[in-house]
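Student: I have a model to study and should like to understand its empty spaces and the packing of its helices. May we go through it in questions and answers?

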Amino acid sequence: MEKSKIKAVVFDLDGVVTDTAEFHYIAWKNLANRIGIDFDRTFNENLKGISRMESLELILEQGDMAERFSPAEKVALATEKNDEYVALINDITPADILPGILDFLQELKDHGIKTAIASASKNAPAIVEKLEIRHFFDYIADVGAIPNPKPAPDIFLVSAAHLGAHPSECVGIEDAAAGVEAIKAAHMMAVGIGEVEQLGGADLILDGTAELSLNEISNAFLEFKNGESA
């Protein structure tokens, strides 16, 4: 598709390719409640798109417990949460892929557009394997080797480099405000999946993954590039 001039598409995982948000919520809630901190779905929204340790720090601040635990104890708490999360996602299957994603991935592959996963989750490789879609991705970012987490652009810049693409030739897809901010900081076109209120910084906002299509994103990409050169 010549008009697109898109060389690569970089995907967040949770909320874009599959939805494991409920598992994260359950694991965080159980941990927070165990140490005496109230945790509900409203507060859980603050954890979207950020790292495990950052999420833990926000939860501890919520309960005025930020100074109560040593660095080693905080690592142990985060590990406890992750162990429960891993157990919960153990039964994830290809049926948990979000609507439209398989067709969109195939469309990108058919047009020779490179793809990557840029997830804040250290479990991303295992989840992609369970979803049986590893063959669609040219690269999965190792979040443990990324210097700065979202909303810093590092994970998107590293992904673009591994795909052999300049950031200006890439499109990033996210469902979290921190992720959209990271994409924009990387000087990529940002596609947001979700509500305008949370993702207003994105160049294109879609209600859901079923709306993803190369044609629509290509048209938006042309507008994005024209805006850059204006």
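Student: Which helix gives the most to the lining of the largest pocket?

Tutor: Please note that the model is predicted. Helices H1 (21–34), H2 (41–44), H3 (52–62) and H4 (71–88) each supply at least two residues of that lining. The helix that gives the most, with six residues, is H4.

Student: What is the volume of the largest pocket?

Tutor: The lining of this pocket is made of 42 residues, and among those closest to its centre are Asp14, His24 and Leu47. Gly49 and Ile50 also belong to the group closest to the centre. The volume of the largest pocket is about 930 Å³.

Student: How do the residues of the lining of the largest pocket divide into nonpolar, polar and charged?

Tutor: In this count, Gly is placed among the polar residues, whereas Ala and Pro count as nonpolar. On that basis the lining of the largest pocket divides into 17 nonpolar, 13 polar and 12 charged.

Student: Which helices each supply at least two residues of the lining of the second largest pocket?

Tutor: The space in the second largest pocket is about 170 Å³. Its lining includes Glu45, Lys48, Asp175, Ala177 and Gln198, and it divides into five nonpolar, two polar and four charged residues. The helices that each supply at least two of the lining residues are H8 (177–185) and H9 (196–199).

Student: What is the volume of the largest cavity?

Tutor: The structure holds one cavity of 30 Å³ or more. Among the residues that line the largest cavity are Gly49, Ile50, Ser119, Val143, Lys150 and Ile155, and the lining divides into six nonpolar, four polar and two charged residues. The volume of the largest cavity is about 60 Å³.

Student: Are H1 and H3 parallel or oblique to each other?

Tutor: The two helices pack at an angle of about 40°, with their axes 11 Å apart. Angles under 35 degrees count as roughly parallel, and 65 to 115 as roughly perpendicular. The angle of about 40° falls in neither range, and H1 and H3 are therefore oblique.

Student: Which residues in H3 are met by residues in H1?

Tutor: The crossing of H1 and H3 is right-handed. The residues of this contact divide into five nonpolar, one polar and one charged. From H1 come Trp28, Leu31 and Ala32, and in H3 they meet Arg52, Ser55, Leu56 and Ile59.

Student: Are H1 and H4 antiparallel or oblique to each other?

Tutor: H1 and H4 pack at an angle of about 140°, and their axes lie 9 Å apart. An angle must be over 145 degrees to count as roughly antiparallel. The angle of about 140° does not reach that cut-off, and H1 and H4 are therefore oblique.

Student: Is the crossing of H1 and H4 left-handed or right-handed?

Tutor: Phe23, Ala27 and Arg34 are among the residues in H1 that take part in the contact, and Leu77, Glu80 and Tyr85 are among those in H4. The residues of the contact divide into eight nonpolar, two polar and four charged. The crossing of H1 and H4 is right-handed.

Student: Which two residues are joined by a cis peptide bond?

Tutor: The bond has an omega of about 15°. Proline 151, one of its two partners, has its place in the loop between strand S3 (139–140) and helix H7 (154–162). The cis peptide bond joins lysine 150 and proline 151.

Technical notes
Residues are numbered from 1 along each chain as its sequence is written. This is a predicted model: local features need pLDDT of at least 70, side-chain atom pairs count only at pLDDT 80 or more; totals for chains, interfaces and linings use all residues. Side-chain values use heavy atoms; hydrogens and water are left out. On a 1 Å grid over the protein atoms alone, a cavity is a set of points where a 1.4 Å probe fits but cannot get out, and a pocket is an open set with protein on both sides within 12 Å along at least five of seven lines; lining residues have an atom within 4 Å of a point. Grid points are joined across faces, edges and corners, and a volume is the space filled by probe spheres set on the points. Helices (H or I, at least four residues) and strands (E, at least two) are DSSP runs, numbered from the N terminus. Axes are lines fitted to C-alpha atoms, for helices over the stretch in contact, and angles run from 0 to 180 degrees between N-to-C directions. A crossing is left-handed if the near helix is turned anticlockwise from the far one by less than a right angle, and right-handed if clockwise. Contact means heavy atoms within 4.5 Å.
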